[in-house]
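Hi,

Here is the structure I promised to pass on. Have a look first, and my notes follow below.

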Amino acid sequence: MATKITKRDNFNKLLAIPAVAEDEGMVAFINHEIELLDKQKSADKKPTARQTENANLAPQIIDYLLTLTEPVSTSDIAKHFDVSTQRMTPLLGTLQTEGKVDRSVVKGKVFFNAVRG
């Protein structure tokens with residue numbers, strides 16, 4: 001499979017063309033576009049408001065699950081935190097991947113409990 005040609009590759013190819021290299025305006029434009037690509041690539045990406053909320057919600061979920069003695073369903077956890085199950089499901093999946101919660105399926109319904117220890 002061939003590698004994908006990027007904007008940067010195309011700009012560098014344009015700079016290699018003698019007619020383009022002689023035109024100072026084109027060279028300045030191309031160099032400016034390359035600088036914009038560099039700036040875009042190196043920009044520090046701040047988390048969105050929702051990502052920050054989710055990061056703050058994860059420890060609360062674990063604390064809640066630790067207070068329970070039996071596994072609880074995703075919808076019950078979502079109701080406790082007043083969020084949708086569509087928002088809770090990926091949060092619980094991430095916590096499971098991190099090994100902080102256990103997932104079990106009983107008769108087709110998914111239940112979670114905190115990993116103790």
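Let me start with a pair inside one helix: glutamate 53 and arginine 50 both sit in helix H4, three residues apart, which is about one turn of the helix. Helices here are DSSP runs of H or I with at least four residues, strands are runs of E with at least two, and both are numbered from the N terminus.

Before going further, the ground rules. This is a predicted model, so local features need pLDDT of at least 70 and side-chain atom pairs count only at pLDDT 80 or more, while totals for chains, interfaces and linings use all residues. Residues are numbered from 1 along each chain as its sequence is written, and side-chain values use heavy atoms, with hydrogens and water left out.

Back to that pair. Glutamate 53 and arginine 50 form a salt bridge, with the closest N and O atoms 3.7 Å apart; the term means a side-chain nitrogen of Lys or Arg within 4 Å of a carboxyl oxygen of Asp or Glu. Glutamate 53 is partly exposed at 40% relative accessibility, and arginine 50 is partly exposed at 47%. For these labels, buried is under 20% relative accessible area, exposed is over 50% and partly exposed is in between (1.4 Å probe, protein chains only). Arg50 and Glu53 also belong to a salt-bridge network with Arg87.

The whole structure has four salt bridges. One of them joins aspartate 38 and arginine 8 at 2.8 Å, N to O. That one links distant parts of the chain, with aspartate 38 in helix H3 (residues 24-42) and arginine 8 in helix H1 (residues 7-16), 30 residues apart. Another is between glutamate 98 and lysine 100, at 3.4 Å for the closest N and O atoms.

Now H6 (residues 85-97). Its 13 residues should span 18 Å at 1.5 Å a residue, and the end C-alpha atoms are indeed 18 Å apart; the expected span is 1.5 Å times one less than the number of residues. Which residues of H6 are buried? They are Arg87, Met88, Leu91, Leu92 and Leu95. Down the axis of H6 these fall within an arc of 120°, so they line one face of the helix (the arc is that of the directions from the helix axis to the C-beta atoms). Gln86 and Thr97 are exposed on the face turned away from that buried side. The cover over the buried residues of H6 includes H4, H5, strand E2 (101-106) and strand E3 (109-114), where contact means heavy atoms within 4.5 Å.

On to the core. The largest nonpolar core has 18 residues, and Ile61, Leu65, Ile77, Phe81 and Met88 touch the most other members. By nonpolar core I mean a set of buried Ala, Val, Leu, Ile, Met, Phe, Trp, Tyr and Cys residues joined through side-chain atoms within 4.5 Å. H4, H5, H6 and E3 each supply at least two residues of this core, and H4 gives the most, with six. A second, separate core has five residues, including Phe11, Val20, Ile30 and Ile34.

Finally, there is one aromatic pair. Tyrosine 64 and phenylalanine 81 meet edge-to-face, 5.7 Å centre to centre with 85° between the planes. Tyrosine 64 lies in helix H4 (residues 49-67) and phenylalanine 81 in helix H5 (residues 74-81), so the pair ties together parts 17 residues apart in sequence. The rule takes rings of Phe, Tyr and Trp (its six-membered ring) with centres within 6.5 Å; planes under 30 degrees apart are stacked, over 60 edge-to-face and the rest tilted.

Cheers
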